[in-house]
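Please examine the model shown below. The account that follows turns to its nonpolar core and then to its salt bridges.

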Amino acid sequence: MRRNKKHSKHKSLKRQLKKTLTERASVTAFKPTNFTAAHWFGKLNAALFGGRLGRVHIIVKKLHHDWGRCVADWDNRQCRKGTFNQRVIPYNKAEVIYRIELHCKFPTWKDFIETLAHEMVHLYQMTVLQDPYSNHNENFYSFRPVFRSAGLKLYR
C-alpha cells in the first residue's frame with residue numbers, strides 16, 4: 001500500500017511539472033533568482049529523483065561558456081599540478097562540498113528547468129551513484145526516459 005502511495009505521488013509531481021511546462025511555454029528571457037532555483041530544485045528532486053538528492057547551495061551568476069555547472073569542491077589546491085587527477089572525485093575524502101551554479105539568464109523558462117535538471121543528474125551521479133567521473137556517460141543518459149516522461153529533454 002505504501003509503495004503505491006509513493007508511486008502515485010511521484011506520477012502526480014510529473015503531471016504537475018508537465019502542466020507547468022505547458023503554462024510557461026511562452027516565457028522568454030527568463031532570469032532566475034537563487035530562491036526560484038532552490039524552489040525548482042526541490043520540485044525536480046521529488047519528481048525526477050524520488051527525493052534522493054540532498055539540498056545543495058545553488059548560485060545564480062553570470063557564467064561564460066556554460067548555462068550550468070555541478071561542482072564538487074574538495075581541498076586539493078596544495079597539490080602540485082599533475083599529482084592529483086582533477087577529473088576523479090575523491091569520495092574517500094570526508095569533506096566534499098557540492099554546489100550548482102546557473103547562468104543568470106536563459107532564453108526560455110524551459111531552458112532554465114532543463115539546465116537545472118541536467119546539473120541535478122550530475123549531482124545524482126556524484127552523491128548517489130558515486131560515479132568517479134560523473135560526466136556524460138551511460139549513467140547520465142540512463143535518465144533520458146525519466147526526463148521524457150516529465151516532458152523534458154536530457155542532452156549534453
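A nonpolar core is here a set of buried Ala, Val, Leu, Ile, Met, Phe, Trp, Tyr and Cys residues joined through side-chain atoms within 4.5 Å; buried means under 20% relative accessible area, exposed over 50%, and partly exposed in between (1.4 Å probe, protein chains only). The model is a predicted one, in which local features need pLDDT of at least 70 and side-chain atom pairs count only at pLDDT 80 or more, while totals for chains, interfaces and linings use all residues. Residues are numbered from 1 along each chain as its sequence is written, and side-chain values use heavy atoms, with hydrogens and water left out.

The largest nonpolar core comprises 37 residues, of which L44, F49, I100, F112, F147 and L152 touch the most other members. At least two residues of this core come from each of α1 (2–23), α2 (34–49), β2, β3, β4 and α3, these helices (H or I, at least four residues) and strands (E, at least two) being DSSP runs numbered from the N terminus. Helix α3 provides the largest share, ten residues. In soluble globular proteins, nonpolar side chains tend to be buried together.

L152 may serve as an example from this core. Apart from neighbours within four places in sequence, L152 is in contact (heavy atoms within 4.5 Å) with L17, L21, L44, L48, I113, E114, A117 and F147.

One of these contacts, E114, leads to the charged pairs. Side chains of opposite charge can pair when their charged atoms come close. The structure holds six salt bridges, each a side-chain nitrogen of Lys or Arg within 4 Å of a carboxyl oxygen of Asp or Glu. E114 pairs with K110 in one of them, with the closest N and O atoms 3.9 Å apart. Both residues belong to helix α3 (residues 109–129) and are four residues apart, about one turn of the helix. E114 is buried at 6% relative accessible area, whereas K110, at 33%, is partly exposed.

Other salt bridges share partners and thereby join K61, D66, R69, R99 and E101 into one network. Within this group, E101 pairs with K61 at 3.7 Å between the closest N and O atoms. This pair links distant parts of the chain, since K61 is in strand β2 (residues 57–61) and E101 in strand β4 (residues 97–103), 40 residues apart. E101 also forms a salt bridge with R69, at 3.0 Å from N to O. R69 lies in strand β3 (residues 68–73) and E101 in β4, so this bridge ties together parts 32 residues apart in sequence. E101 is buried at 4% relative accessibility, while K61 is partly exposed at 34% and R69 is partly exposed at 28%.
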